[in-house]
Amino acid sequence: MKNNIHILGIFLLMLVFSQSQAKPAGNSYAEISKAHFDNDSIHKGNMPDTNLDIPRLIPKKKNGKFGYVNQTGKFIIQPEYHIAVFFSEDCNLLNSSNEKAREFGTKDYATVEKNMISYRIDQTGKRVYQYKDEDLGICKSEYRKQQFQAYVANGFYGIVEEAKFMNPDDPSQYRIYPKYQYLHVMEGDNIGNPMVIAILNDKFGVIDVNDNIIVPFEYADIKRNFSWKLGKMFEVTKDGKNYYYIDANNKAY
């Protein structure tokens, strides 16, 4: 159906960055762009703030379908969707030629899919817009080059600062000397200190570019998607099947 083109694009992007054991083909880095979510535009009665760094509404899967919970784990929007994305801007709608459609491109709405139809919902769960191909404008993206990237040497992954890295034989030029089974620099709003998904002893965790452990190495997988960029959260699993979100303090939601 035509209405699925937009959400299919989002879904495919998420799949690209969420393959469980895929290794990068070379020494690459991902573009950074700023996350968009609003911690102040929702009624606080059902949305108690326990962590101001993450959204008040978090996608959560139950019985095979997605809804949204608040920070205490209570479902505010009941699970009924095949796909549910963080509340965030939709640049296609923001640049629409349809003035009425542009209203639903702001960060006050989230994109969901049910029965192969894509919608924008508000923070009460009401479907306020159904996607139409003719409403989709062209995104005006700003390229932001990563400051750090993963580097492979002798079969192990490390971190280098691209602008300063000249000699791979000089250990002092590495930000993190290669010792990990895998590293992936996450997209986010802090280019100088990005989050990095890592594998050590066959377990996934999260480090920063100073080699500080942010999330302990206790997971079977952490998805390489846009969850950190959009919601300052990581999508993790311990059994390889059931995924859920955690914050940077390793608290599950």
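This note goes through the sheets, the nonpolar cores and a few single residues of a predicted model.

1. A good place to begin is the open sheet of four strands that follow one another in the order S11-S12-S13-S14, where the pairing is antiparallel. S11 and S14 stand at the edges of this sheet, and because each has a single partner strand, one side of each is left without a neighbour in the sheet. From one strand to the next, the twist averages 15°.

2. Within that sheet, S12 and S13 run antiparallel and are joined by five bridges, and Ile 199 stands opposite Phe 204 in S13. S13 also pairs with S14 in the antiparallel sense, over three bridges. Phe 204 can be followed across this second pairing as well, since its bridge partner in S14 is Tyr 219. When you trace the chain from S13 to S14, you pass through a hairpin with five residues between the strands, and there Asp 211 takes a positive phi near 65°.

3. A separate paragraph is due to the open sheet whose four strands have the order S4-S5-S6-S7, again with antiparallel pairing. Its edges are strand S4 (83–84) and strand S7 (127–130), each of which has a single partner strand, so one side of each is left without a neighbour in the sheet. Strand S6, which covers residues 117–121, runs antiparallel to S7 and is joined to S7 by three bridges; here Ile 121 stands opposite Arg 127 in S7.

4. The largest nonpolar core has 26 residues, and the members that touch the most others are Ile 159, Leu 183, Ile 222 and Phe 234. Several strands give two or more residues to this core, among them strand S8 (148–153), strand S9 (156–161), strand S10 (176–180) and strand S16 (234–237). The largest share, four residues, comes from S12. Apart from this core lies another one, of 13 residues, including Ile 76, Ile 77, Phe 87 and Ala 110.

5. Phe 234 deserves a look of its own, as one of the residues that touch the most other members of the largest nonpolar core. If residues up to four places away in sequence are not counted, Phe 234 touches, among others, Met 186, Met 195, Val 206, Val 215 and Ile 222. The list of residues it touches also includes Ser 227, Trp 228, Tyr 244, Tyr 245 and Asp 247.

6. Is Lys 229 buried or exposed? This residue, which has its place in helix H4 (residues 227–231), counts as buried because its relative accessibility is 16%, and the limit for buried is under 20%. Its side chain is joined to the side chain of Glu 187 by a polar contact of 3.4 Å.

7. Pro 194 has its place in the loop between S11 and S12, and with a relative accessible area of 3% this residue is buried. Which residues is Pro 194 in contact with, leaving aside its neighbours within four places in sequence? They are Phe 148, Val 185, Met 186, Ile 207, Asp 208 and Val 209. It is also worth finding Gln 147, which is 47 residues apart from Pro 194 along the chain, while the C-alpha atoms of the two are separated by 8.9 Å.

Notes:
Residues numbered from 1 in each chain as written. Predicted model: local features only at pLDDT ≥ 70, side-chain atom pairs only at ≥ 80, totals over all residues. Heavy atoms only, no water. Core = buried A, V, L, I, M, F, W, Y, C linked by side-chain atoms within 4.5 Å. Buried < 20%, exposed > 50% of the residue type's maximum accessible area, 1.4 Å probe, protein only. Contact = heavy atoms within 4.5 Å. Pairing = 2+ DSSP bridges. Polar contact = N/O pair within 3.5 Å; in protein donor to acceptor, adjacent residues only side chain to side chain. Axes fitted to C-alpha atoms, helices over the stretch in contact; angles between N-to-C directions.
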